[in-house]
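Me: Could you take a close look at one part of this model for me, the surroundings of the bound ligands? I'd like a connected walk through the residues and elements there, plus whatever neighbouring parts help to place them.

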Amino acid sequence: LTSVRYPHVQRGKYATLTEKDVDFFQKLLPQRVLQDPSELDGYNIDWMRTVRGNSQMVLRPKTTSEVAEILKYCNERHLAVVPQGGNTGLVGGSVPVFDEIVISTQLMNQIISLDEVSGIIVCQSGCVLETLDNYLAERELMMPLDLGAKGSCHIGGNVSTNAGGLRLLRYGSLHGSVLGVEAVLASGEIVDCLSSLRKDNTGYDLKQLFIGSEGTLGMVTSVSILCPRRPKAVNVAFLGVENFEAALQTFQLCKGMLAEILSACEFMDQESMQCIQENLKLTNPIKSYPLYILIETSGSHGSHDEEKLNVFLEAAMGKGIVQDGTIAMDVTQRQNIWGLRERIAEGLLHDGYNYKYDISLPLPKLYEIVEDMRQRLGSKVTRVVSYGHLGDGNLHFNVTTPEYDKEVLGLIEPYIYEWTSQVRGSVSAEHGLGFKKRDCIRYSKEPNAVKMMVKMKKLFDPNGILNPYKTIPL
Ligand code: FAD
Ligand code: 2HG
Ligand code: ZN
């Protein structure tokens, strides 16, 4: 079955589950071993429904020592595993490829501590991002990251993918805001780097290795995160512009005029708008434009921030950079505007098959590739949609067809990767490599860098049981 699905991938020489293994896990995790085929589907299939594994078992530990026991046993038995959080990953990294055992963090959802003065929260890796943010909201704090999948993704999954999201522009990447990580290695050894210090230069910063390594070096069990104060005033504007040059000018102008209160600068094109209008019945609050920009400000003084935003809009319109725009008047309007941007990924799934690319490019090149691709694909596809984190130089480029079409894929790849590589961009800005993109690493990393990664993988996981077939190229 599996070799038909993934002809280019061979199952590694791992053991297969025996009755004895099942007994061991059932004793270790009473009532927390799933084996019923009807329950396994949700863990075997990814969010995009394009990767399907064939795991026969899901383990749901509650504690770090249970994770350590599981991994020690699996390592000795040569049983492959895949760590799974909310299963919202977009590169097929969170589901098994063959029959790997799924270790889910669903029940590792305890908040361990919060220091309200420093804003440092320590929690288990299975806490849902939105749950953490709601908990912090009651204490005038917030999580330093936000993304469309917030209602399902786990903080451990966010850390393991180094998720970027909608506010990276303001609060930086998780490499900065994660202060500590506790992880379990394949051997079952617990690496406790769960520091809650802003500054700690004692030796190598090991926690960084677990941030963005997609479950290939260890299983993250707890994290310590620096959380900013929740802003008192938030404003959102949705603007229409005629072309990408105007979008760049808008970004430059708002960086200058909104400065320290700018908290997001996102863009989406008219094709993205059409997608969510047709597939999700959402409404465009302004007239149709080739491109739209979402600007969010977050500050401590409502009327002061509003004035700044209004002065910026007057300037942008006065200069003819921005053609039209609306400012959200209340929380509901704010959420509706954010919904337009956050729900494009969901809207795309309704078209059928979705070819998804997540690339970093120098800003002046960001839209050139979209126009080039549109010409290249012509009428062979349902849509060519682009949107993303303008402020971070991160383009989300998506193509859809009613069903998987090999010819269309051949037109997109490797062309898009070569294009990206030529301008020294990244073939994965924020989603990681997972199963789908691991062999693309060479477009963004030198051979020596890849060699170092292979050595690190061997050091951390000599038997290769942790998330095999992912991230590290064949
Ligand atoms: P999963 O999908 O379960 O896992 C992701 C990877 O991490 C897998 O390789 C898995 O093995 C590994 N992993 C999970 N938990 C652990 C753990 N405890 N220890 C070790 N490894 C682990 N990403 C962005 O960067 N920015 C966005 O704006 C963004 N928006 C999104 C919007 C939508 C609607 C969706 C569906 C996805 C979006 N993503 C975005 C993708 C993104 O990577 C995730 O949503 C999120 O970070 C993954 O968290 P998760 O808990 O679902 O992890
Ligand atoms: C986003 O920013 C996510 O909305 C998803 O990273 C991107 O669907 C995509 O291509
Ligand atoms: Zn994104």
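Reply: Here is a walk from the ligand shells out to a sheet and a helix pair.

Keep in mind that this is a predicted model. Let's start with ligand 1. Its shell counts 39 residues, and the closest of them are Gly-85, Gly-93, Gly-156, Gly-157 and Gly-215. Sorted by class, that shell holds 23 polar residues, twelve nonpolar ones and four charged ones.

Where do those residues come from? Two or more residues each are given by β3 (81-84), α6 (155-161), β9 (219-226) and α14 (344-349). The largest share belongs to α6, with five residues. In domain terms, domain 1 (2-106) and domain 2 (111-226) each supply at least three residues to the shell around ligand 1.

Ligand 2 has a shell you can list in one go: Gly-148, Ala-345, Lys-356, Asp-358, His-396 and Asn-398 surround it. Two strands, β14 (353-360) and β16 (394-401), each put two or more residues into that shell. Split by class, you get three polar, two charged and one nonpolar.

Now back to β9, since that strand contributes to the shell around ligand 1 and also sits in an open sheet of five strands. Reading across, the order is β5-β6-β9-β7-β8, and the pairing is antiparallel. β5 (111-115) and β8 (190-193) are the edge strands; each has a single partner, so one side of each lacks a neighbour in the sheet. From one strand to the next, the twist averages 10°. If you zoom in on β9 and strand β6 (residues 120-124), they pair in the antiparallel sense over five bridges. Within that pairing, Val-122 stands opposite Ser-224 in β9.

One more stop, a helix pair. The axes of α10 (residues 244-258) and α12 (residues 302-318) come within 10 Å and cross at roughly 145°, and the crossing is right-handed. On the α10 side, the contact is made by Thr-250, Leu-253, Cys-254, Met-257 and Leu-258. They meet Lys-308, Leu-309, Val-311, Phe-312, Ala-315 and Ala-316 in α12. By class, this contact has nine nonpolar residues, one polar and one charged.

So for your close-up, two views are handy: the ligand 1 shell with α6 giving five residues, and the ligand 2 shell with β14 and β16 among its contributors.

Key:
Residues are numbered from 1 along each chain as its sequence is written. Chains are lettered from A and ligands numbered from 1 in the order in which they are written. This is a predicted model: local features need pLDDT of at least 70, side-chain atom pairs count only at pLDDT 80 or more; totals for chains, interfaces and linings use all residues. A residue is near a molecule or strand if its C-beta atom, placed from the backbone, lies within 6 Å of it. Helices (H or I, at least four residues) and strands (E, at least two) are DSSP runs, numbered from the N terminus. Ala, Val, Leu, Ile, Met, Phe, Trp, Tyr, Cys and Pro count as nonpolar, Asp, Glu, Lys and Arg as charged, and the others, Gly among them, as polar. Domain bounds come from an automatic or database domain assignment. Axes are lines fitted to C-alpha atoms, for helices over the stretch in contact, and angles run from 0 to 180 degrees between N-to-C directions. A crossing is left-handed if the near helix is turned anticlockwise from the far one by less than a right angle, and right-handed if clockwise. Two residues are in contact if their C-beta atoms, placed from the backbone, lie within 7 Å. Two strands pair if DSSP finds at least two bridges between them.
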